[in-house]
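Reader: Before we begin, I would ask you to take me through the features of this model one at a time. Please give the general idea in each case and then the particular one.

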Amino acid sequence: MIDALQAMASVLFDPYLVFLIFITTVLGVVIGVLPGLGATTGAALLLPFTLTMQPVHAIAVLATIYVSATFAGSITAILINTPGTSAAAATTFDGYPLAQRGEAGRALGIAVVSSTIGGVFSVIVLCIAAPMLARVAYEFRPPEYFALALFGLSMLASISAGGTVRNLIAGVFGVWLATIGAEPTTGIERFMFGNYELYEGLAFVPVFIGLFAMSELLIQSKRANQVVDKITMKAVKLPSRDDYKRIWKTVLRSCGIGTFIGILPAEGATVASMIGYAEARRWSKNKEEFGKGAIEGIAGAEAANNAATGGAMVPTMVLGIPGSGTTAVILVGLMVHGLRPGPYLFTEQVDTVYQIFGAMLLANLLFLAMGLYASKLFARISLVPLQLLWPIVFALATIGAYALSSSLLDVWIALIFGVIGFLARRHGFAVAPIAVGLILGEMVETNFQNSLKMFEGDWWRILTQPLAALFLLLAFLGLFSSPIANWFSRRRS
Amino acid sequence: MHFLVIPGIIAAFSVAVIYAALQLELSPAMIVGDSLQPRVFPVLLMVINLILAACLAFQYWTKSPKKIHWGGLQTWGSIALWVIFYPITVYIDMLIAIAVIMFAMCLLWGERRIYVAGALALATPTVIFFLFDKALRVRFPRGLLTNWYYG
């Protein structure tokens with residue numbers, strides 16, 4: 001434990017890392033306030049810039065973007081009623097009405113403080129829970145990993161935006177994408193159509209840049225020339241003693257909710273903030289104020305969405321199962337830098353892991369300062385015209401896609417997946433399951449094949465393994481509990 | 001029949017993948033052992049997708065999907081610009097292609113100040129190029145400008 005604390009504290013003695021975290025926190029807040037960009041797109045765009053960095057620095061940059069962009073979405077949610085990220089959507093419900101009443105500074109103060117508490121809480125949980133989970137995960141064999149990957153995909157499909165069936169289709173498509181290239185055991189080429197650049201499979205980075213950044217560009221194109229109403233604000237105010245009295249229970253509850261939902265392999269921050277908001281309303285004595293500027297609503301949503309960031313890092317780092325689009329990008333970052341996600345990360349690279357956690361903690365504290373003293377400035381950035389912002393994103397995305405392996409094919413892949421992502425999203429298919437399916441595809445296939453070898457071809461013997469059976473049962477419940485419950489309630493009515 | 005369009009496209013894609021998978025080579029039994037032939041897993045996935053496509057068709061039949069807003073000139077114009085990006089990159093230069101597309105995209109999305117669009121289209125690729133070239137040591141593909149720069 002002392003070693004872990006020392007490793008976390010060592011972040012403060014690496015001036016370059018502190019500088020990087022500071023710059024990235026500013027960048028993350030800028031990305032968070034720019035409409036449409038968000039943590040996932042920001043991390044995907046920044047990943048190529050981390051190529052020459054040391055692994056710790058690179059992952060710290062990506063994790064900082066995740067943390068700070070998730071928080072920053074609340075600035076525009078409160079000031080211009082436009083959530084900078086989907087995770088801040090629930091913040092608009094009460095943040096904007098409070099701002100309209102002339103209390104924008106108070107609303108932002110509550111959002112900043114709640115976000116910081118949520119973020120710090122979740123990093124503490126991450127530090128405690130991740131090594132414990134890693135100890136359990138040492139015992140996992142191919143059947144458990146196969147079942148776990150299916151569980152991850154099923155959770156993502158059942159909880160993500162869009163319908164379960166559509167998300168499952170997207171997830172299966174993602175897993176199929178992972179079969180492109182040479183088959184791992186036999187080396188037989190699959191779906192390469194003579195293109196040997198695909199021998200090692202589709203590169204994750206260009207696919208992610210396409211799915212998240214390029215498709216968002218096309219989605220945002222319909223908002224070109226849109227005029228937003230902005231609210232003026234004098235300064236951000238720290239919550240008063242009365243405010244703290246009103247929100248402390250809500251913040252604590254949302255910290256727990258957000259961290260728990262983040263740990264589940266699902267779309268953490270967005271779902272967490274919605275549930276955090278709903279629970280804040282359910283437990284509040286002032287229910288009638290909700291939707292009109294209730295400070296518990298802002299605190300509930302903001303504490304939950306930032307608490308989800310630390311939670312979501314638990315399965316990503318310990319099991320190699322990303323819980324959302326952003327953690328999928330971070331997972332790819334780990335792989336690109338030669339860090340093997342999984343329980344062995346906690347024995348082979350323990351200092352690196354805790355330095356990353358330390359970086360996340362520092363980022364949470366830095367955005368507290370930035371949120372309090374620079375929100376007004378950041379809010380202005382959100383008014384950058386889309387017709388200037390998105391062409392820059394296009395340039396960053398194309399060069400970023402090219403940079404990883406200096407291949408033009410990667411640029412075409414990014415553009416093609418941009419169009420695929422756009423069409424999918426237009427028809428209600430979430431793109432995160434495609435990305436997660438692509439990452440988990442090899443894990444699913446390889447572990448299924450190894451399980452078959454273990455059990456001499458009897459696939460059903462996977463079910464005889466208690467943990468594997470538990471994960472498969474959870475996957476089944478995750479997928480079918482809601483439709484079955486709906487069917488019963490329809491029959492009853 | 002409107003409800004069948006999207007599930008139909010998914011089903012057609014799945015069938016095409018199954019067909020392509022069935023053309024894959026078979027691996028010797030000695031290598032595969034108790035495991036699966038390389039074609040089996042993709043076929044399995046696409047069979048699942050066919051079942052899901054049928055479920056989706058049923059969902060759309062019981063409850064019509066929301067009408068899709070296909071996007072306007074900016075959306076499809078941007079996609080058209082990406083198509084143009086390919087020949088300019090391959091036959092002229094990637095950085096010139098980025099500048100041209102950025103300039104056109106600015107105007108397409110409603111920027112009326114041509115000098116602003118022009119300045120942005122020139123400055124952004126230049127800054128990004130030097131950042132990647134000097135700091136990240138990424139070599140860009142050969143083209144008109146890069147031939148001149150790299151020599």
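Author: Let us start with Glu456(A), which sits in the loop joining helix H17 (432-454) to helix H18 (466-492) of chain A. Helices (H or I, at least four residues) and strands (E, at least two) are DSSP runs, numbered from the N terminus. The model is predicted: local features need pLDDT of at least 70, side-chain atom pairs count only at pLDDT 80 or more, and totals for chains, interfaces and linings use all residues. Residues are numbered from 1 along each chain as its sequence is written, while chains are lettered from A and ligands numbered from 1 in the order in which they are written.

Reader: Is Glu456(A) buried or exposed?

Author: A residue is buried if 20 or more other C-beta atoms lie within 10 Å of its own, exposed if 12 or fewer, and partly exposed in between, with C-beta atoms placed from the backbone. Glu456(A) is exposed, because 9 other C-beta atoms lie within 10 Å. Its phi is near 50°, a positive value in a residue other than glycine.

Reader: Where does Phe193(A) lie?

Author: Phe193(A) belongs to the loop between strand S2 (189-190) and helix H8 (204-220) of chain A. Phe193(A) is not a glycine, yet has a positive phi of about 50°. With 8 other C-beta atoms within 10 Å, Phe193(A) is exposed.

Reader: How should I read the surroundings of Asn286(A)?

Author: Asn286(A) has 13 other C-beta atoms within 10 Å and is therefore partly exposed. The loop that holds Asn286(A) runs between helix H10 (268-283) and helix H11 (295-319) of chain A.

Reader: How many residues of each chain are in contact across the interface?

Author: Two residues are in contact if their C-beta atoms, placed from the backbone, lie within 7 Å. By that criterion, 49 residues of chain A are in contact with 51 residues of chain B. On the side of chain A that touches chain B, the largest share, 12 residues, comes from H15(A).

Reader: Which secondary structure does chain B contain?

Author: Chain B has 7 helices and 0 strands. Buried residues make up 31% of its 151 residues.

Reader: What does the radius of gyration say about chain B?

Author: The radius of gyration is taken over C-alpha atoms, and the globule rule is 2.2 Å times the number of residues to the power 0.38. Chain B has 24 Å, whereas a compact globule of 151 residues would have a value near 15 Å. The C-alpha trace of chain B spans about 60 × 50 × 25 Å along its principal axes.
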